[in-house]
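I opened this notebook to keep a record of what I looked up, and in what order. The entries go from aromatic pairs to cores, then to a pocket, and end with single residues.

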Amino acid sequence: MDYSDDLVATLPRDEAELMARSENLSADARGRFAARLALAHKDNLATEVLVRRLLHTQPLSDEIQVQTDPLVSTGSADDWDVVAKVATKKMTIVQTNACKKLHQRVVGIQMAVALRNEQLLNEIIAHPSQTMKEKAKSTLAEIRAEMNPRTVVEPDHTANFILYFDAIRDAPMQVITGDSARTRNQVWEEFANAKWNLFWTNGSLKSITDRVLRTKAAEILLQLLKTVPPFNSIQVKTEFVHVPYLPVLIRKNLKLLLKMDVTETVTAVCSVLSDRTVNIESDLLSPLLSRKHNVWSDLSKSSKLASMVDKVLVATRGAKPKDDRNTASTLFNKRILDVFLGARPVRSILLHLLQDAQQSNTLLLTVYTAAIASEKNDLARFKLTENFLKDLRTALEYIFAILSNLLKRILATGTMETKHESQLIFEADVKGTLDVVLNIFEDAFAVLPTTEGVQLKFTNKKKSHKWSMLLSPLFTILQEHPQLAMYLFLAVKDEFSETDTSGASLVLNCLKSKSLSVFDYPGNTTEAPYSGINRFGPHNHEAFVLFMKLYPVLDKWQFWSNAVATECLSVDQIGLLKNHFTIEFLGQQSCYVITTILDQLIVDAVERGAMALQLIAFVKKRELPAIQIKYIIDQLYERLDVCVVESRTLLEENLRQPSIDSRVDAIRQFLKATNMSHSIGETILTLSCIFQRVK
């Protein structure tokens with residue numbers, strides 16, 4: 001709550017009136033009220049009198065009772081009232097009722113500060129209460145400095161900061177036995193927690209209002225991190241080694257340091273890395289690449305941020321032992337990548353990561369080729385190839401993670417019409433990445449040796465490995481974007497074989513049309529929300545034509561019926577499939593084949609009922625055991641259309657069974673067929689017929 005001009009228009013007559021005016025004000029508003037009230041009536045002699053009344057306190061008793069002997073009990077069960085021996089003692093510091101009058105005194109001190117009355121300020125400083133005493137001292141110092149301007153010397157804050165930070169540089173590496181010197185770590189910790197009078201609150205650069213001084217302090221801070229960082233001492237075999245770490249002082253200022261100079265900050269943080277650093281991702285990279293800094297998503301620094309990726313990657317890989325620096329686990333470190341992606345980096349960083357992955361894969365390929373060329377033993381070559389393909393899988397998974405991030409950005413920008421150009425740029429990036437990753441796989445298999453073991457397990461099974469390692473993950477990633485999935489399909493359509501339909505099922509699922517429900521519309525609107533992604537298709541025409549050639553409908557009926565059941569095909573495509581399933585073909589099949597095709601492929605209930613009626617007549621003529629024919633016909637009864645008179649008559653006649661069990665089965669079939677019609681009228685007719693028969 002703030003105050004109005006009416007509150008300071010007149011001077012309060014006494015404490016009670018002043019408290020009534022200010023009791024509902026916030027602390028900040030109360031301070032402004034006190035200052036304005038004092039300045040508005042500074043020429044009034046009554047103002048100083050009011051301030052003195054507000055500041056006035058009364059002394060309390062300076063004597064307290066102190067127990068002299070310990071309590072001694074008689075041990076009796078009734079000994080409840082034990083009187084202690086006490087003595088009266090005088091206190092060294094006189095106590096007052098300042099705490100009780102805290103509200104009045106704060107307002108009085110603020111008025112005295114506004115009036116700049118030396119006598120009142122001296123009385124406040126001399127009072128035992130510590131309330132706002134520092135404010136009174138600083139105000140009094142300002143008054144005296146104004147009175148004697150020649151004696152005032154402006155402090156050189158920059159020089160003070162340099163001396164201040166020199167304490168870190170001069171701090172010893174460790175404490176010698178019996179020595180009171182502070183360790184470097186203790187000094188860093190003190191800088192992070194101490195309060196100083198150099199515009200420096202708890203080690204915060206942000207609290208330094210002077211820009212020149214803040215820049216100088218930041219430069220010194222980063223320089224110290226590079227030259228004399230704090231360290232942990234760990235034992236390696238028989239000796240202790242120093243492992244630098246990122247101090248709290250740097251962590252709490254990282255956001256501002258990155259905004260002031262991202263290059264120097266990243267360089268300084270990376271300089272802390274060593275081959276002894278344990279948790280690089282959590283202890284160093286996570287603070288540096290935190291999303292809260294809002295630096296890595298700054299489009300204005302796109303090119304500079306991309307160049308920082310190399311510094312981080314080189315530093316993290318250099319921190320590994322020499323034997324591990326060119327391995328797949330180091331070059332394609334998924335945990336480091338997750339830290340990068342968690343910072344929501346700009347597009348240029350993602351592209352830089354992709355470029356680095358491509359170069360790292362080339363390095364692995366070169367190392368593998370050289371190893372194969374120098375190795376003559378077939379078993380050793382097989383082992384090298386096996387490990388190389390494991391590394392290839394690691395590299396591909398690394399690229400898939402970046403690809404997934406790009407796709408998320410496409411889906412996000414695809415919901416905003418104003419971001420359509422960005423969406424197209426990201427889609428072009430994904431297409432380029434798909435081309436790169438396909439080439440990476442082909443290049444890897446092109447250099448495999450021609451030894452018998454490698455040929456049998458890897459080269460001859462290239463298509464199988466390509467689906468499991470490459471195409472299946474890619475189509476899974478792209479299933480929310482049918483157009484990009486179509487781009488990938490056209491690039492790899494020659495990879496489909498006549499023997500395996502699993503890949504074809506995945507492709508049809510990715511390419512199927514995806515329509516929104518009205519419940520997905522925002523608010524109560526009747527129009528579909530904007531989408532820059534065409535999900536309504538048709539996208540699967542080329543795939544459908546290819547799969548019709550590879551997988552004949554009658555031979556691969558399970559594949560096609562499943563495609564219809566998962567809504568992967570259009571109505572026209574389903575019509576083309578149904579033409580292959582004639583009554584003559586279905587009538588010769590088993591009950592499972594007949595019911596599966598009727599339920600999954602013949603989606604129209606009327607058409608299904610008509611085919612079931614024809615199949616009943618056809619099956620009755622087959623030369624099969626009577627029990628098998630009855631089982632097939634019972635299943636077909638459930639799929640009849642009761643709206644057709646001939647079908648209803650057939651079901652009613654079926655109720656005339658000789659046994660109760662058979663009659664119950666006939667009733668169940670009749671009711672199930674009726675439920676398929678979704679008609680209340682047909683249901684009433686069916687129930688009427690059943691009630692008459694069961695009387």
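What follows are my entries on this structure, which is a predicted model.

**Entry: aromatic pairs**

I began with a search of the whole structure for aromatic pairs, and it returned 17 of them. The pair I took up next was tyrosine 368 with phenylalanine 388, whose ring centres are 4.1 Å apart and whose planes stand at 10°, so I noted the pair as stacked; planes under 30 degrees apart count as such. I then asked which parts of the chain this pair links, and found tyrosine 368 in helix H16 (residues 347-374) and phenylalanine 388 in helix H17 (residues 378-413), 20 residues apart. I looked up the accessibility of both partners: tyrosine 368 is buried, with a relative accessible area of 4%, and phenylalanine 388 is buried as well, with a value of 5%.

I set beside this the pair of phenylalanine 581 and phenylalanine 585, where the centres are 5.9 Å apart and the planes are at 55°, so I entered the pair as tilted. Phenylalanine 581 has a relative accessibility of 4%, and I therefore listed phenylalanine 581 as buried.

I also wrote down one aromatic cluster, formed by Trp467, Phe475, Phe489, Phe496, Phe544, Phe547, Tyr551, Phe559 and Trp560.

**Entry: nonpolar cores**

Which residues have the most contacts inside the largest nonpolar core? I found Phe165, Trp296, Phe475 and Phe547 in that position, in a core of 163 residues. H17 gives the largest share of this core, with 15 residues. Two of these names, Phe475 and Phe547, I had already written down as members of the aromatic cluster.

I followed phenylalanine 165 further and, leaving aside its neighbours within four places in sequence, I listed its contacts as Phe191, Trp200, Ala217, Ile220, Leu221 and Leu224. Apart from the largest core lies another one, of 26 residues, and I noted Ala38, Ala112, Ala136 and Leu140 among them.

**Entry: the largest pocket**

I turned next to the largest pocket, for which I have a volume of about 400 Å³. Its lining consists of 15 residues, and the closest to its centre are Leu299, Arg347, Arg409, Ser422 and Phe426. I asked which elements give two or more residues to this lining, and the answer was H16, H17 and helix H18 (420-446). When I sorted the lining by class, I had six nonpolar, five polar and four charged residues.

**Entry: positive phi**

I looked for backbone angles worth a second look, keeping in mind that most residues other than glycine have a negative phi. Asparagine 294 is not a glycine and yet has a positive phi of about 55°. I placed asparagine 294 in the loop between helix H12 (280-288) and helix H13 (302-318), and at 47% relative accessibility I entered asparagine 294 as partly exposed.

Arginine 344, again not a glycine, has a positive phi of about 50°, and I found arginine 344 in the loop between helix H15 (334-342) and H16. Is arginine 344 buried or exposed? Its relative accessibility is 53%, and with exposed meaning over 50%, I recorded arginine 344 as exposed.

**Entry: single residues and distances**

I looked up aspartate 43 in the loop between helix H2 (27-40) and helix H3 (45-55), where aspartate 43 is exposed, with a relative accessible area of 70%. Between the C-alpha atoms of aspartate 43 and histidine 420, which are 377 residues apart along the chain, I have a separation of 68 Å.

Proline 172 I found in the loop between helix H7 (157-170) and helix H8 (184-193), partly exposed at a relative accessible area of 28%. How far apart are the C-alpha atoms of proline 172 and threonine 183? I wrote down 5.4 Å, with their positions eleven residues apart along the chain counted as the separation in sequence.

My last residue was asparagine 185, which has its place in helix H8 and counts as buried at 18% relative accessibility. Not counting residues up to four places away in sequence, asparagine 185 touches Pro230, Phe231 and Tyr245. The C-alpha atoms of asparagine 185 and leucine 490, 305 residues apart along the chain, are separated by 61 Å.

Note on methods: Residues are numbered from 1 along each chain as its sequence is written. This is a predicted model: local features need pLDDT of at least 70, side-chain atom pairs count only at pLDDT 80 or more; totals for chains, interfaces and linings use all residues. Side-chain values use heavy atoms; hydrogens and water are left out. Rings of Phe, Tyr and Trp (its six-membered ring) pair if their centres lie within 6.5 Å; planes under 30 degrees apart count as stacked, over 60 as edge-to-face and the rest as tilted. Helices (H or I, at least four residues) and strands (E, at least two) are DSSP runs, numbered from the N terminus. Buried means under 20% relative accessible area, exposed over 50%, partly exposed in between (1.4 Å probe, protein chains only). On a 1 Å grid over the protein atoms alone, a cavity is a set of points where a 1.4 Å probe fits but cannot get out, and a pocket is an open set with protein on both sides within 12 Å along at least five of seven lines; lining residues have an atom within 4 Å of a point. Grid points are joined across faces, edges and corners, and a volume is the space filled by probe spheres set on the points. Ala, Val, Leu, Ile, Met, Phe, Trp, Tyr, Cys and Pro count as nonpolar, Asp, Glu, Lys and Arg as charged, and the others, Gly among them, as polar. A nonpolar core is a set of buried Ala, Val, Leu, Ile, Met, Phe, Trp, Tyr and Cys residues joined through side-chain atoms within 4.5 Å. Contact means heavy atoms within 4.5 Å.
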